[in-house]
Amino acid sequence: MKKVAIVGAGIVGATAAYYLSQAPDLAVTVFDEGKGQATKAAAGIISPWFSKRRNKAWYKMARLGADFYQTLLADLEQAGYSADFYQQTGVYLLKKNEEKLAELYELALERRAESPLIGDLQILKRSQVEETIPDLQGFERLLYASGGARVDGALLTQTLLAASGVKVYSKKVGLEQQGTDYIIDGQVFDTVILSCGAWLGEVLAPLGYEVDVRPQKGQLRDYQLSLTTDDYPVIMPEGELDIIPFGAGKVSVGATHENEQGFDLTVDKVLLDQLEEEAQTYFPALKEGEVLAERVGTRAYTSDFSPFFGQVPASPNLYAASGLGSSGLTTGPLIGQQLAQMVLGEDLLLEPENYPVARYVNKV
Ligand SMILES: Cc1cc2nc3c(=O)[nH]c(=O)nc-3n(C[C@H](O)[C@H](O)[C@H](O)COP(=O)(O)OP(=O)(O)OC[C@H]3O[C@@H](n4cnc5c(N)ncnc54)[C@H](O)[C@@H]3O)c2cc1C
């Protein structure tokens with residue numbers, strides 16, 4: 001029986017664990033420290049179609065990643081697990097220069113041909129938006145796409161790990177190589193997946209690797225409002241600010257992108273207050289909200305901001321994924337499933353050569 005270890009149970013590791021657990025003749029063990037995990041700190045917006053990034057490989061991964069949620073939901077529901085971590089309530093995109101909405105609409109319309117998940121696309125006037133969110137401010141018109149979704153990252157990983165039934169050790173571990181085997185926490189494995197996000201460099205350093213992955217601090221604040229927000233679309237003004245209404249009056253406001261803070265996890269109230277103040281100009285109801293929590297996580301990014309996944313060079317049966325940046329809740333489930341497919345020797349939807357590990361991970 002093949003013994004597979006997964007180090008890191010954020011969205012990538014939890015999805016890989018779930019799909020590997022479905023395969024026969026395989027024993028899967030998961031190790032996850034959990035501290036600073038990006039997945040459980042994330043805002044949870046799934047809406048890649050409006051991105052102006054020119055990186056075609058990234059866009060393909062992101063649009064197929066958004067699509068892949070439908071497969072994941074169906075698989076979990078068939079296995080008897082509720083998919084209440086995901087709701088397609090749509091997105092509202094706001095532009096400072098509203099002339100640009102028509103351009104964005106055209107781009108999305110073109111992209112809808114290969115991504116029907118975008119759904120209904122409309123430029124809405126304020127009076128039309130009022131029917132859904134009564135007091136949204138700071139715009140005359142906005143672009144609405146019904147296919148945008150919100151995901152609760154923590155609930156998603158919990159569901160995946162529960163559905164996989166695998167043993168999860170909640171601890172920080174190191175990796176040793178012994179011949180063609182790997183030793184983790186005193187146990188021997190023939191195959192290892194490193195889905196340890198921003199910490200990949202730390203885990204691979206003892207094996208003599210240099211890794212181009214950097215930490216980016218991200219913070220957001222959760223509020224409880226006495227409103228029924230269940231059907232509210234995600235509100236995306238231009239810039240860092242996003243307002244993500246979840247069900248039962250819970251609303252998240254985020255997120256910061258701090259490249260110079262390393263792995264620091266302290267809450268910076270000044271930055272969160274700034275985001276809150278800006279958010280209130282769009283969504284005044286927030287002023288009546290009670291702060292529920294402040295979350296801090298560490299995203300992983302590479303020097304060219306591209307994610308990667310696949311075989312680690314010069315170490316057989318060692319796989320890694322990292323560098324998912326700000327869109328890892330969108331791309332993470334697909335990457336996790338593709339890693340599982342690689343371990344199982346099955347066909348892949350993405351071409352790994354477009355996301356090469358060797359560009360970011362090398363033996364020195
Ligand atoms: C504030 C914020 C907002 C975001 N918003 C969005 C969004 O709206 N939409 C979107 O698509 N993406 C968003 N993201 C990005 C997304 O959350 C990440 O890209 C994604 O979750 C990364 O997943 P991962 O599995 O690669 O890593 P992580 O989720 O970081 O998981 C890695 C895990 O590995 C564990 N680990 C590391 N080293 C070890 C070790 N030695 N031993 C054991 N365990 C170890 C860590 O503790 C952690 O639990 C956001 C991120 C942040 C921080």
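The legends below describe close-up views of the ligand and of the two domains in a predicted model.

**View 1. The shell of residues around the ligand.** The ligand is surrounded by 38 residues, and the closest are Asp32, Gly34, Thr39, Gly325 and Thr330. Sorted by class, the shell comprises 16 nonpolar, 16 polar and 6 charged residues. Domain 1 (2-40 + 154-213 + 304-363) and domain 2 (88-148 + 215-301) each contribute at least three residues to the shell.

**View 2. Backbone atoms of Glu33, Val173 and Leu329 beside the ligand.** A nitrogen atom of the ligand lies 2.9 Å from a backbone N or O atom of Glu33. For Val173, a backbone N or O atom is 2.8 Å from a nitrogen atom of the ligand. A polar backbone atom of Leu329 lies 3.0 Å from an oxygen atom of the ligand. On its own the ligand has 1000 Å² of accessible area, of which the protein covers 97%. Two or more residues of the shell come from each of helix H1 (11-21), helix H2 (38-41), strand S15 (214-224), strand S19 (290-301) and helix H9 (328-344).

**View 3. The interface between domain 1 and domain 2.** The centres of the two domains, taken over C-alpha atoms, are separated by 30 Å. In this interface, 16 residues of domain 1 are in contact with 11 residues of domain 2. About 1000 Å² is buried between the domains, and carbon and sulfur atoms give 64% of this area. Gly36, Ala198 and Phe305 supply 34% of the area that domain 1 buries against domain 2, more than any other three residues.

Technical notes. Residues numbered from 1 in each chain as written. Predicted model: local features only at pLDDT ≥ 70, side-chain atom pairs only at ≥ 80, totals over all residues. Heavy atoms only, no water. Near = heavy atom within 4 Å. Polar contact = N/O pair within 3.5 Å; in protein donor to acceptor, adjacent residues only side chain to side chain. Areas by Shrake-Rupley, 256 points an atom, 1.4 Å probe, with all protein chains shown as cover. Helix = DSSP H or I, 4+ residues; strand = E, 2+ residues; numbered from the N terminus. Nonpolar A, V, L, I, M, F, W, Y, C, P; charged D, E, K, R; others polar. Domains from an automatic or database assignment. Contact = heavy atoms within 4.5 Å. Buried area = accessible area lost by both parts, 1.4 Å probe.
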